[in-house]
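Here is a short tour of a protein with a bound ligand, written for someone who likes to work from coordinates. Have the viewer open as you read.

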Amino acid sequence: MPIDVKELSYSYNPGTALEKRALQNISVSINRGEFVLIGGDTGSGKSTLIRHFNGLLRPICGHVTVGGMQAHEKHVKAKVGIVFQFPQDQLFGRTVYEDVAFGPSNFGIRGEELEERVAEALELVGIREELYNVPPFSLSGGEMRLVAIAGVLSMRPDHLVMDEPLAGLDPGNKHSLLRILKELHSQGISVIIVSHRISDLLPLADKVIWMEDGRISFEGRPQDFIDSGHSLPPAITSLMKDLRQRGIDVRDDIFTIEDAFNEICRVKREKMVHRQ
Ligand SMILES: Nc1ncnc2c1ncn2[C@@H]1O[C@H](COP(=O)(O)OP(=O)(O)OP(=O)(O)O)[C@@H](O)[C@H]1O
Ligand SMILES: [Mg+2]
């Protein structure tokens with residue numbers, strides 16, 4: 001079920017003195033199973049764009065469809081789950097369990113299947129059973145975000161969309177969230193992440209979309225994104241470029257620590273063979 005955006009334009013407060021054009025003629029497709037990063041400066045239209053993916057906003061011009069259905073159809077809400085930047089904006093249940101059960105029960109799922117879905121979603125994000133009956137607002141910010149993610153996962157969506165998921169998380173929480181995203185992606189769900197600072201996430205991505213002033217100014221592979229100079233490269237890529245400039249013959253098209261380690265080992269091995 002791909003998300004297809006065709007010639008989408010959107011303005012806030014149209015036809016008034018406060019009219020603000022937020023998206024201009026956007027066309028993009030996201031396939032099930034892709035890991036997509038959406039970056040860009042503040043106010044470039046990232047949140048406005050993703051709110052069209054499950055009909056929270058409706059296009060003023062153009063179309064957004066999911067597997068051929070209009071994005072505002074109820075069924076799409078089950079297929080495209082959006083987690084907002086501030087989880088407290090989407091949590092409202094009296095308990096963690098109720099919150100996560102809300103989506104599927106709204107689609108008529110009851111009994112054992114509901115219990116199974118809630119337990120599966122909470123387990124995926126690592127929320128322990130002792131917390132099932134706790135009010136979500138008594139949790140830490142990181143835990144609330146995990147519950148908000150579980151609330152979307154209990155719908156068993158094809159696409160998980162997250163707005164600034166790493167903002168405000170400490171390194172430990174960041175690491176575990178990245179592990180969860182990787183796991184979900186490996187299960188075939190597409191993961192679509194909006195972020196100001198996408199360099200931490202580039203190693204996971206299949207595709208990068210960069211927005212400027214309501215338009216897409218770049219769409220392509222992470223490596224081409226780094227080469228395009230739209231954003232600072234990840235620290236590990238800068239290090240490899242620096243080593244190369246200093247005369248060490250390493251590749252500089254690298255953005256994971258593991259690949260950097262393997263590349264440095266390769267060069268070291270070659271040098272040793274040369275010396276013998
Ligand atoms: N509810 C609203 N009413 C009026 N204008 C809005 C509203 N929400 C957003 N805008 C304007 O639309 C434009 C795009 O906003 P949007 O929130 O999509 O940007 P963003 O890329 O998500 O920014 P950020 O990185 O700060 O979250 C901005 O100029 C913003 O001021
Ligand atoms: Mg935003």
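The report below begins with the whole chain and then turns to the ligand site.

**The protein overall**

Please keep in mind that this is a predicted model. The protein contains nine helices and ten strands, and its C-alpha trace spans about 70 × 50 × 30 Å along the principal axes. Of the 276 residues, 47% are buried. If you look at contacts between residues at least 6 apart in sequence, 62% of them join residues at least 24 apart.

On the outside, the accessible surface comes to about 14300 Å², and carbon and sulfur atoms account for 50% of it. As for charge, the protein carries 32 positive and 38 negative charges, and the mean positions of the two sets are 3 Å apart.

**The ligand site**

Which residues are closest to ligand 1? The shell has 13 residues, and the closest are Thr42, Gly43, Lys46, Ser47 and Thr48. Both β2 (20-30) and α1 (46-50) supply at least two residues each to this shell, with α1 giving the largest share, three residues.

Oxygen atoms of ligand 1 also pair with polar side-chain atoms, as listed here.

| Side chain | Partner | Distance |
|---|---|---|
| Thr42 (N or O atom) | oxygen atom of ligand 1 | 2.3 Å |
| Thr48 (polar atom) | oxygen atom of ligand 1 | 2.4 Å |
| Ser47 (N or O atom) | oxygen atom of ligand 1 | 2.9 Å |

Taken alone, ligand 1 exposes 640 Å², and the protein buries 64% of that area.

Terms used: Residues numbered from 1 in each chain as written. Chains lettered and ligands numbered in written order. Predicted model: local features only at pLDDT ≥ 70, side-chain atom pairs only at ≥ 80, totals over all residues. Heavy atoms only, no water. Helix = DSSP H or I, 4+ residues; strand = E, 2+ residues; numbered from the N terminus. Buried < 20%, exposed > 50% of the residue type's maximum accessible area, 1.4 Å probe, protein only. Contact = heavy atoms within 4.5 Å. Areas by Shrake-Rupley, 256 points an atom, 1.4 Å probe, with all protein chains shown as cover. Lys, Arg positive; Asp, Glu negative; His and termini not counted. Charge placed at Lys NZ, Arg CZ, Asp CG, Glu CD. Near = heavy atom within 4 Å. Polar contact = N/O pair within 3.5 Å; in protein donor to acceptor, adjacent residues only side chain to side chain.
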